Amino acid sequence: MPVAQDRLEQLQVLKLLQSVRIEDVDQIEKLTTHGVPYLINYSEPENGETGLHLAACKNNEKMISFLLNLGASPNMVDLKGRTPAMRAAEFGHTQALTLLAEADTDLTLRDSEGKGILFYCIQPTKRHLECLQIALKHGASVNSVSKDGQPLLYVAAETGLDNMVAALLIAGADPNRAHANTGQTALHAASATGSVACVREILEAGADCDALDSENNHSAHRAALNGHFEVIRVLAAYGADLGKVALDGNTPLHYAGQQGFGPICKFLSQRGCPSMLKNKEGKTPRLLAKDNEHKDALKECRKAEKQSAKLSKGGSRTAEPYAIRLYDWIQEHEQKVLNICYQFDPEEEDGSRKGKMTKDNFVMCLQTINCPVDVEDLNKLAQIHDPNKEDAVDYPLFITCKKFISKQFMVVLGKKKKKKGGKKGKKKKGKTKIPIPICTAPDGPRTKHGGPPSDYVERYVHFTDNTRFDRDNPPSHPIQDDSAWYLNFPDVSYMNISDAAKVGDLETLKSAFARGVSVDQRDKYYKTPLMAACAHGNIKVAAYLLQIGADINARDNFKWTPLHHACHSGQVDLVKFLLENGAEMDAQTINGGTPLMRAIESSREAVVELLISKGAKVQLENKKGHTALDVAKAYADPRVVAIVQKRWDEIPPPVDKKKRGGSPRKKGTKSAAPSKTHMPSVKNTPDKKQEEPPSTAPSTGASLVRKSSVLRAASALGIINEKPQPILYTPRRAWITQPTTDDLLHEREVRRLRFSTDVDFADYKPAFQKHITLKAEAMEAEDD
């Protein structure tokens, strides 16, 4: 590969390449005739491309033919070892590749990575498939391997291109050639990507369905790990052993249980994959499914273990192994079986068939297409499907497999089983539970200028010139930050006002309230920003919202107040703050729950003790008739139960009015009893006379101060203005005080003290969720 070295060669090569780009034929002929000898094959020093490379990349047939006639070599390579034919194949230029292939291009050359031209044809387009066929026709090596050990068929199967895989297999690619480093075959790669068509093509070409890689992983391992059920079904149809054990002790069932693929767990356990086997970590598939909280997979693994234990004690099998093997084979080769059976059952005049064939023909047909069943078992099957013993086997019934296998072994995906009724088909009698619909607010109308509904507010994004200012180096004055004059404003984005309160985005809230958004703006579930802040324990946002007039006793669609949400979050400082600012302590929700009950459900003894010390009533009942003590015994831990029980014991017993002395009161007009249902308070409109402040305007009879005639004349002439013009400067965007790095670190320390150190992790759960999760896990452990 001659590369231009001196200045003259470089200038002439660059001029030649420029002429190729603009298709200046005269200039190209002049340079090659009077320029540096063999200039037509020189390459530029940066990428090593020749004129033929450029023409091949542009699929310029005329230029390619012209350069070849001038003596351009089609086997010249660039600095990466790529020939013009490789570049044409990479872009799918079939015309250019045909010209180069017919010009005696060596298609067995490899680039610097050891890849031949066929590697550049592995792309998901028809043009690249045509390029592949052209290269194969002109002698490209179909079993080439790159320097990193990847066979060509492996790369095609890894991309899931079944048409490429089929073309390579027809051309003679070895389906069992393995990766030099990992030991994986093309079947492993196709199983990992989930390409069922590629798996079929490779198996039909004679691939070893039980090939193992360097870690003893089977193709079923790869399919089970990625949840490709159809691939596993095809492997079973071709007789693969689905119970192979890898070096780490894992079977395909281990991977399916770990990832939570219930149908795959059921299929593998029924096809002989051991369910009681432990891996090197000492875990069975059931334990892996349990650790990852996959209920469906856990259920199937339990069934498999029970069936395995039953068989180990001498129990009978629910199906013969040959029957399961035959069922899987028929599901894959159904059309092949029908085609050969139709040869012995010709169509009638009306186009129908009898659906019967003789026993000998039935057995011969299945043997012809390599049915994986012995002759003895085939004769048994023929007798089963010929109940009248008339030597007429019902082959359509045979294909349904209903006579020799039960429904539990049949693959039914995407269909829900119909639930059967009670005994004798009668439904069980009982109370009809009518689900209560959740009351949600309809989507409101768009705001001004086509903006989203009012519960979505514009998100405030702080931006500045980071080369001048940052949180640790703020400007000396807010208006000193003039970045908005030369930086583009960030794109406008919106967020729910409740989400802004959850994450503590005070700037977005302040900006929204400055635009006129109500401080008690409700979201879809009728929750105000104060409720959202209390639900997530954000005391800073709650203090700000109360400062600007948020309703501390507002109620959502379930009649929860901010205090209910704060008690659920389990933050004692927030609960104390709300009580000090007038929160209703014994407010009841739609089902009668009080803030004390919510604190008990979170099992936070400090919050429970605070509410009881402030006078919360423990004897109030919810709609189910449960008091705070009943809720504590059902939800809380012993410490919380002890606190509520102590307060319950301190309540004096009710006094019987009949036993009290004294004359009974005279009957009179009874005052109206207060309503149990809490009604939202409505502010009475004050009297206009009391509301209006004393007027400072002069009375009608008062003498008005007369303006000077000179001033009036000057004002009329525009010499002076009676109203002073404001000279206030309003910047486009002023610096807003940002917390420094030390402030953020201090805030993180405070969060850890308030929410525990778990708040730094992604799996953090608030007080109520964490308590309920622990209770559920404890109950599940007891059941096991």
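1. E23 comes out as partly exposed, because its relative accessible area is 44%. This is a predicted model, and the points below concern what was computed from it. E23 sits in the loop that joins α1 (7-22) to α2 (25-34). Its phi is near 60°, a positive value in a residue other than glycine. For background, most residues other than glycine have a negative phi.

2. C401 also has a positive phi, of about 65°, although it is not a glycine. The residue is placed in the loop between α22 and β3. Is C401 buried or exposed? C401 counts as buried, because its relative accessible area is 0% and the cut-off for buried is under 20%. When checking backbone geometry, a reader may look at C401 in the α22 to β3 loop and at E23 in the α1 to α2 loop.

3. The loop between α22 (395-400) and β3 (456-458) holds I438 as well. I438 is exposed, because its relative accessible area is 51% and exposed means over 50%. Together with Y525, F558 and I590, I438 makes a nonpolar surface patch of about 370 Å².

4. UniProt, in an unreviewed entry, lists "repeat: ANK" for several spans, including residues 47-79, 80-112, 248-280, 525-557 and 558-590. In the model, the span 248-280 is 52% helix and 0% strand, and its end C-alpha atoms lie 6 Å apart. For residues 558-590 the end C-alpha atoms are 5 Å apart, and that span is 52% helix and 0% strand. The other spans in the UniProt record include 148-180, 182-214 and 591-623.

5. Salt bridges come next. Side chains of opposite charge can pair when their charged atoms come close. The count for the model is 23 salt bridges. One of them joins E305 to R286, with the closest N and O atoms 3.0 Å apart. This pair links distant parts of the chain: E305 belongs to helix α17 (residues 295-312) and R286 to helix α16 (residues 285-291), 19 residues apart. E305 is classed as buried because its relative accessible area is 14%. R286 is classed as partly exposed because its relative accessible area is 21%.

6. K356 and D394 form another salt bridge, and here the closest N and O atoms are 3.9 Å apart. Which elements does this pair link? K356 is in strand β1 (residues 356-357) and D394 is in strand β2 (residues 393-394), so that distant parts of the chain, 38 residues apart, are linked. K356 is partly exposed, with 39% relative accessibility.

7. E584 and R555 meet through their side chains in a salt bridge of 3.9 Å, N to O. Both ends are in loops: E584 between α28 (572-580) and α29 (595-602), R555 between α26 (539-547) and α27 (562-569), with their positions 29 residues apart in the chain. E584 counts as partly exposed because its relative accessibility is 27%, while R555 counts as buried because its relative accessible area is 15%. Elsewhere, salt bridges that share partners join E49, D78, R82, R87 and E90 into one network.

8. On the surface, a patch of negative charge gathers D470, D472, D742, D743 and E747. D743 is part of helix α35 (residues 741-755). It is partly exposed because its relative accessible area is 40%.

9. Two helical residues mark opposite ends of the accessibility classes. L100, in helix α6 (residues 94-102), is buried because its relative accessibility is 0%. K137, in helix α7 (residues 126-137), is exposed because its relative accessible area is 71%.

10. Each of these residues has a spatial partner away from it in sequence. L100 and T83 are 17 residues apart in sequence, and their C-alpha atoms are 10.0 Å apart in space. For K137 and A171 the separation is 34 residues in sequence and 9.2 Å in space, C-alpha to C-alpha.

How values were computed: Residues numbered from 1 in each chain as written. Predicted model: local features only at pLDDT ≥ 70, side-chain atom pairs only at ≥ 80, totals over all residues. Heavy atoms only, no water. Patch = residues over 30% accessible without salt bridge, like charges linked within 9 Å, V, L, I, M, F, W, Y side chains within 5 Å. Areas by Shrake-Rupley, 256 points an atom, 1.4 Å probe, with all protein chains shown as cover. Salt bridge = Lys/Arg side-chain N within 4 Å of Asp/Glu carboxyl O. Lys, Arg positive; Asp, Glu negative; His and termini not counted. Charge placed at Lys NZ, Arg CZ, Asp CG, Glu CD. Helix = DSSP H or I, 4+ residues; strand = E, 2+ residues; numbered from the N terminus. Buried < 20%, exposed > 50% of the residue type's maximum accessible area, 1.4 Å probe, protein only. UniProt positions renumbered as here; feature names shortened; annotations may be inferred.
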